[in-house]
Amino acid sequence: MKKITLVFLLTACVGAFQFIKAQNIAHVNSMELLSLMPEKKTADDQLKTLADQKKAEIKKQEESFTAKYEKIQKDLQGKSQADLEKMKDQLQKYEEDFQKDQQSLVALREEAAKALDKKQADLYEPIMKKAQDAIDSVAKAKGYLYVFDTSQPSLLYAEGPNILNDVKAKLGIK
């Protein structure tokens, strides 16, 4: 009888512990939180400005190359086959220039993409750290052991407390 009572009490304690432990789980949507942060909006504006600048540079270079090669095509249009044969070296030079210009344009695009990626990382890193610090602070203050990010597809169910409003308050966001 004592063994049955002990097993029953042990089972009840484990069940109560699991219930208490389950109450230490919360969730927050980090993407929603970031979208509400004014720093992110400022960073997005800076990235858009930089992207527009890079697009303008690329477009200017593309237009320059297009004009250059349209002029060459126009000059070659009226030429006979015999004239073109005489210009063989010049035609080869045009082709080499065209390939160099294409490579230059590809390099400019790659440089623009790298510059945007670096700027994004530089701008978003302190914002992400600030958000994470606020989440950590709220979780510790409320005694949560786990906080799930509902913006990630791995969480299938979120019924526990949502700490987004607490984190927004910690960050001073209304």
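Contact here means heavy atoms within 4.5 Å. Keep that cut-off in mind at each stop.

This is a predicted model, in which local features need pLDDT of at least 70, side-chain atom pairs count only at pLDDT 80 or more, and totals for chains, interfaces and linings use all residues. Residues are numbered from 1 along each chain as its sequence is written, and side-chain values use heavy atoms, with hydrogens and water left out.

**Stop 1: the whole chain**

Show the cartoon. The chain has six helices and two strands. Both are DSSP runs, numbered from the N terminus: helices are H or I with at least four residues, strands are E with at least two. Followed along the sequence, the order is α-β-α-α-α-α-β-α.

Switch to the surface. The chain exposes about 13100 Å², and carbon and sulfur atoms supply 58% of that area. Accessible areas come from the Shrake-Rupley method with a 1.4 Å probe; for residues, only the protein chains shown count as cover.

Of the 174 residues, 22% count as buried. Buried means under 20% relative accessible area, exposed means over 50%, and partly exposed is in between (1.4 Å probe, protein chains only). Among contacts between residues at least 6 apart in sequence, 88% join residues at least 24 apart. The next stops show some contacts between distant residues.

**Stop 2: Ala43**

Select Ala43, in helix α3. Ala43 counts as buried, at 3% relative accessibility. Add Leu123, Tyr124 and Ile127: Ala43 is in contact with these three, leaving aside its neighbours within four places in sequence. Draw a distance from Ala43 to Ile127. Their C-alpha atoms are separated by 9.0 Å, with the two positions 84 residues apart along the chain count.

**Stop 3: Lys54**

Stay in helix α3 and pick Lys54. Is this lysine buried or exposed? Lys54 is buried, with a relative accessible area of 12%. Show Glu111, Ala112 and Ala115 as sticks. Lys54 touches these three, not counting residues up to four places away in sequence.

**Stop 4: Gln61**

Gln61 is also found in helix α3. Its relative accessible area is 18%, so Gln61 is buried. Which residues does Gln61 contact, leaving aside neighbours within four places in sequence? They are Ser104, Leu105 and Leu108. The C-alpha atoms of Gln61 and Leu108 are 9.0 Å apart, and the two residues are 47 apart along the chain.

**Stop 5: the aromatic pair and Asp97**

Select Tyr69 and Phe98. A search of the whole structure finds one aromatic pair. The ring centres of Tyr69 and Phe98 are 5.0 Å apart and the planes lie at 90°, so the pair is edge-to-face. The pair joins distant parts of the chain: Tyr69 sits in helix α3 (residues 38-77) and Phe98 in helix α5, 29 residues apart. The rule covers rings of Phe, Tyr and Trp (its six-membered ring) with centres within 6.5 Å; planes under 30 degrees apart count as stacked, over 60 as edge-to-face and the rest as tilted.

Colour the two by accessibility. Tyr69 counts as buried at 14%, while Phe98 counts as partly exposed at 38%.

Now add Asp97, in helix α5. At 17% relative accessibility, Asp97 is buried. Asp97 touches Lys68 and Tyr69, not counting residues up to four places away in sequence.

**Stop 6: the largest pocket**

Turn on pockets. The largest has a volume of about 250 Å³. Of its 16 lining residues, the closest to the centre are Val28, Gln132, Ile135, Asp136 and Val147. The elements giving two or more residues to this lining are α2, α5 and β2 (146-149). Helix α5 gives the largest share, seven residues.

The pocket search uses a 1 Å grid over the protein atoms alone. A pocket is an open set of points where a 1.4 Å probe fits, with protein on both sides within 12 Å along at least five of seven lines; lining residues have an atom within 4 Å of a point. Points are joined across faces, edges and corners, and the volume is the space filled by probe spheres set on them.

**Stop 7: helix α6**

Finish at residues 164-171. The buried residues of α6 are Leu164, Val167, Lys168 and Leu171. Down the helix axis they fall within an arc of 100°, so they line one face of α6. The arc is that of the directions from the helix axis to the C-beta atoms. Rotate to the face turned away: Asn165, Ala169 and Lys170 are exposed there.

What covers the buried residues of α6? The cover includes β1 (25-28), α2 (30-36) and α5 (88-142). Last, click Gly172. Just after α6, Gly172 takes a positive phi of about 80°.
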